[in-house]
Amino acid sequence: MTLSVRKVAAVAALGAALVGCGGGSGAPQGGGQARMGTPAASGPAAASPPGPASPSSPASPLPGAPNRVPTLAPGPNGLTPVFERTRQRADKTVALTFDADMTSDQGPRAASGEHFDNPELISTLRRLQVPSTVFMTGRWAEEYPDQAKSIGTDPNFEIANHSYSHHAFKSPCYGLPALDADAARADVEQAFAAFRKAGAVNTVPYFRFPGGCYDDGALRALAPAKVTAVQWDVVSGDAFAKDPDAVAQDVLAGVKPGSVVVMHCTRSAAPVTEEAIRQIVPELRKRGYRFVKVSELMGK
């Protein structure tokens, strides 16, 4: 089937965003097809039951965190469910999500002055009162523990898992090193442990695949973690972008009721995101949209 010009542009933007997310130099490789699980739970009584509670269980709420958040029921054969956008199309809600990326081997770059954080963006989201979900890598939380704690104790935010190392759960994936099934499960647990060590309590049992790449093998490897994988339907194109107006236009053109927008919280890889947010937020509010965290969107 022939792709429209807009569709081609969107695919190109997606590739740029995922390369930026991964920091890899290999040829872009598409992620898995996003698949909806069974309808999202909307409250404590209907939420999918968590796994056995234990201090090391990544899905167990931390002290001070909400007791339950909506999740999706497992997919066929117990595969990790995948959420892309809400099935509710009438309510004008939208979830802005921000990937706080840092790979396990980027410590020397941070030590030399490269900024993988973006405190100005977080401050702007607070000032504009925009509830948001931050998909954080464990390595990012270790590099910026004070910021991880600040974000993870602010009720305006929730922290979701973006892996520890930002290595791929499916290969090929934008040149990222790949993990086998055992290493993938351990990587997810290590990220949750890093959040706990930093003192973040507003954590949720959601996971975003590095590079957005997954297949059934990745969903099977992730299943014991009892998380819901969260993808997106709107690509901001903020990775390595230099024009905040273009980023804002991409988001504003793509948002529909129930959308999940993928953006980044890394100054070095996404330097104009904060400026774009200052355009996106008031315009979407003018259009009647309300900003929500993924947990609220999933519960609709």
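**Helix packing, cores and a buried arginine**

Colleague: Does α8 pass α9 in a left-handed or a right-handed crossing, and what is the handedness called here?
Modeller: This is a predicted model. Two packed helices are described by the angle between their axes and the distance between the axes. Here α8 (residues 244–254) and α9 (residues 273–286) pack at about 35°, with axes 8 Å apart. The crossing of α8 past α9 is right-handed.

Colleague: Which class of residue has eight members in the contact of α8 with α9?
Modeller: From α8 come P244, D245, V247, A248, V251 and L252. They meet E275, A276, Q279, I280, E283 and L284 of α9. By class, one residue is polar, three are charged, and eight are nonpolar.

Colleague: Why do the buried residues of α3 lie on the same side of the helix?
Modeller: In α3 (residues 119–127), L121, I122, T124 and L125 are buried. They sit on the same side because the arc they cover around the axis is only 160°.

Colleague: Which residues are exposed on the other side of α3?
Modeller: The buried residues of α3 pack against several elements, including β2 (93–100), β3 (132–136), α5 (145–152) and α9. The other side of α3 has exposed residues, which takes over 50% relative accessible area. These are E120 and R127.

Colleague: Which residue takes a positive phi just after α3?
Modeller: Look just past the end of α3. The phi there is about 55°. The residue is Q129.

Colleague: Which helix gives the largest share of the largest nonpolar core?
Modeller: That core has 62 residues. M136, W140, F169, F209 and I277 touch the most other members. The largest share is seven residues, and they come from α6 (residues 181–198).

Colleague: How many residues are in the other core?
Modeller: It lies apart from the largest nonpolar core. Among its members are V69, F135, A160 and V260. Its residue count is 17.

Colleague: Which cysteine does W140 touch, not counting residues up to four places away in sequence?
Modeller: W140 belongs to the largest nonpolar core. Its contacts include A100, M102, F116 and I151. D101 and D117 are also among them. The cysteine is C265.

Colleague: Is R208 buried or exposed?
Modeller: R208 is in the loop between β5 (203–207) and α7 (216–222). Beyond four places in sequence, its contacts include D99, F135, H162, W232 and V260. Its relative accessibility is 0%, and the cut-off is under 20%. Therefore R208 counts as buried.

Definitions and conventions: Residues are numbered from 1 along each chain as its sequence is written. This is a predicted model: local features need pLDDT of at least 70, side-chain atom pairs count only at pLDDT 80 or more; totals for chains, interfaces and linings use all residues. Side-chain values use heavy atoms; hydrogens and water are left out. Helices (H or I, at least four residues) and strands (E, at least two) are DSSP runs, numbered from the N terminus. Buried means under 20% relative accessible area, exposed over 50%, partly exposed in between (1.4 Å probe, protein chains only). Contact means heavy atoms within 4.5 Å. A nonpolar core is a set of buried Ala, Val, Leu, Ile, Met, Phe, Trp, Tyr and Cys residues joined through side-chain atoms within 4.5 Å. Axes are lines fitted to C-alpha atoms, for helices over the stretch in contact, and angles run from 0 to 180 degrees between N-to-C directions. A crossing is left-handed if the near helix is turned anticlockwise from the far one by less than a right angle, and right-handed if clockwise. Ala, Val, Leu, Ile, Met, Phe, Trp, Tyr, Cys and Pro count as nonpolar, Asp, Glu, Lys and Arg as charged, and the others, Gly among them, as polar. The arc is that of the directions from the helix axis to the C-beta atoms.
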